[in-house]
Amino acid sequence: MSCEITSRPLTIARVARQLEDDASGAVVLFVGRVRPDTSRGRRVSALDYEADRAMALTRLRALERRARQRFGARRVHLVHRIGRLRVGAASVIVGVAAPHRSAAFGAARFLIEELKRDVPIWKSDRWARAPTGRRRRRRPSPSVGRSPG
Amino acid sequence: MTRSVRVLLFATAREAVGAASVDWEVPASGSTVRALLAGLVEEHPQLEPILKGSRLACNGVYVRGRRARIGPGDEIAIHPPYSGG
């Protein structure tokens, strides 16, 4: 399986094993990780990822084919994690093995850009608690139910 | 016999409706994507701005234009803008 959507932790070593190929002089691995982004004094503590799994896999396989055709990549491995990911966790790994480095770098860049743009996967922020006194959101009055969002 | 389509909701669309999917009754003779969306918005007005920026798929294939026909048993996915990676 060269394209995967999984809720299990991602490991670079496992992807690297999928890329072993004596005819490839270059292997490029891109790892996307959850960063501790800050916005308006708040800090992301985790990201929740979800996917339309069946369509996402179809799109990933199409990207794999395009990377092989356009860049001459000999091995491609695309894996995206879903579920709740803490800061620092790997959310995506793109691996490419190709005869030369220019093709391997080009294919890896192409794949991660297209994956972000064209594959039905979504992230949503989970915020850490803001420091006391900086909370701006009004609490609903006890008699009013909180609406979603 | 099924008389409905299943609507799969993702990300902000799921949050707006409060469910990952809804079953929506359609006439046995079928309907259109446009009519389905109009019905959904009537019941969940908060979906309207999300639908404007969303891609739609029917049975795993992207739908071009909202005049596309749908019928009982179809699975319609609502995809807000992607943000993977």
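A salt bridge is taken here as a side-chain nitrogen of Lys or Arg within 4 Å of a carboxyl oxygen of Asp or Glu, and by this rule the count comes to 14 over all chains. The structure is a predicted model, in which local features need pLDDT of at least 70 and side-chain atom pairs count only at pLDDT 80 or more, whereas totals for chains, interfaces and linings use all residues. Residues are numbered from 1 along each chain as its sequence is written, chains are lettered from A and ligands numbered from 1 in the order in which they are written, and side-chain values use heavy atoms, with hydrogens and water left out.

Chain B contains three helices and seven strands, where helices (H or I, at least four residues) and strands (E, at least two) are DSSP runs numbered from the N terminus. From the N terminus on, these elements follow the order β-α-β-β-α-α-β-β-β-β. Of the 85 residues in chain B, 48% are buried, a class that denotes a relative accessible area under 20%, with exposed meaning over 50% and partly exposed in between (1.4 Å probe, protein chains only). When contacts (heavy atoms within 4.5 Å) in chain B are restricted to residues at least 6 apart in sequence, 55% of them join residues at least 24 apart.

The contact between the two chains draws 20 residues from chain A and 16 residues from chain B. The area buried between them is about 1,500 Å², of which carbon and sulfur atoms give 52%; buried area is the accessible area (1.4 Å probe) that two parts lose on being put together, summed over both. Between chain B and chain A, 13 residue pairs are in polar contact, with both residues at pLDDT 80 or more. Such a contact is a pair of N or O atoms within 3.5 Å, for which, within protein, one atom must be able to donate a hydrogen and the other to accept it, and residues adjacent in sequence count only if both atoms are side-chain atoms. On the side of chain B that touches chain A, helix H1 (11-17), strand S4 (55-58) and strand S7 (75-79) of chain B each supply at least two residues, and the largest share, three residues, comes from H1(B). By class, this side of chain B has eight nonpolar, five polar and three charged residues, with Ala, Val, Leu, Ile, Met, Phe, Trp, Tyr, Cys and Pro counted as nonpolar, Asp, Glu, Lys and Arg as charged, and the others, Gly among them, as polar.

Two salt bridges are found across the interface of chain B and chain A. In one of them, Glu50(A) pairs with Arg14(B), the closest N and O atoms being 2.4 Å apart. A salt bridge also forms between Asp118(A) and Arg55(B), with the closest N and O atoms 3.0 Å apart; this pair crosses between chains, from helix H3 (residues 101-118) of chain A to strand S4 of chain B. Asp118(A) is buried, with a relative accessible area of 12%, whereas Arg55(B), at 32%, counts as partly exposed.

Salt bridges also occur within each chain. In chain A, Arg126(A) pairs with Asp48(A), the closest N and O atoms being 2.9 Å apart. Because Arg126(A) lies in strand S8 (residues 121-127) of chain A and Asp48(A) in strand S4 (residues 42-51) of chain A, the pair ties together parts that are 78 residues apart in sequence. Arg126(A) is partly exposed at 31% relative accessible area, while Asp48(A) is buried at 15%. In chain B, Lys52(B) forms a salt bridge with Glu48(B) at a closest N and O distance of 3.8 Å, and both residues lie in helix H3 (residues 48-52) of chain B, four residues apart, about one turn of the helix. Lys52(B) is exposed, at 65% relative accessibility, and Glu48(B) is partly exposed, at 40%. Salt bridges that share partners further join Asp21(A), Arg74(A) and Arg75(A) into one network.

Positive phi values are found in two residues of chain B other than glycine, namely Ala11(B), with phi near 50°, and Asn59(B), with phi of about 50°. Ala11(B) is found in helix H1 of chain B and is buried at 10% relative accessibility. Asn59(B), by contrast, lies in the loop between S4 and strand S5 (61-62) of chain B and is partly exposed, with a relative accessible area of 44%.
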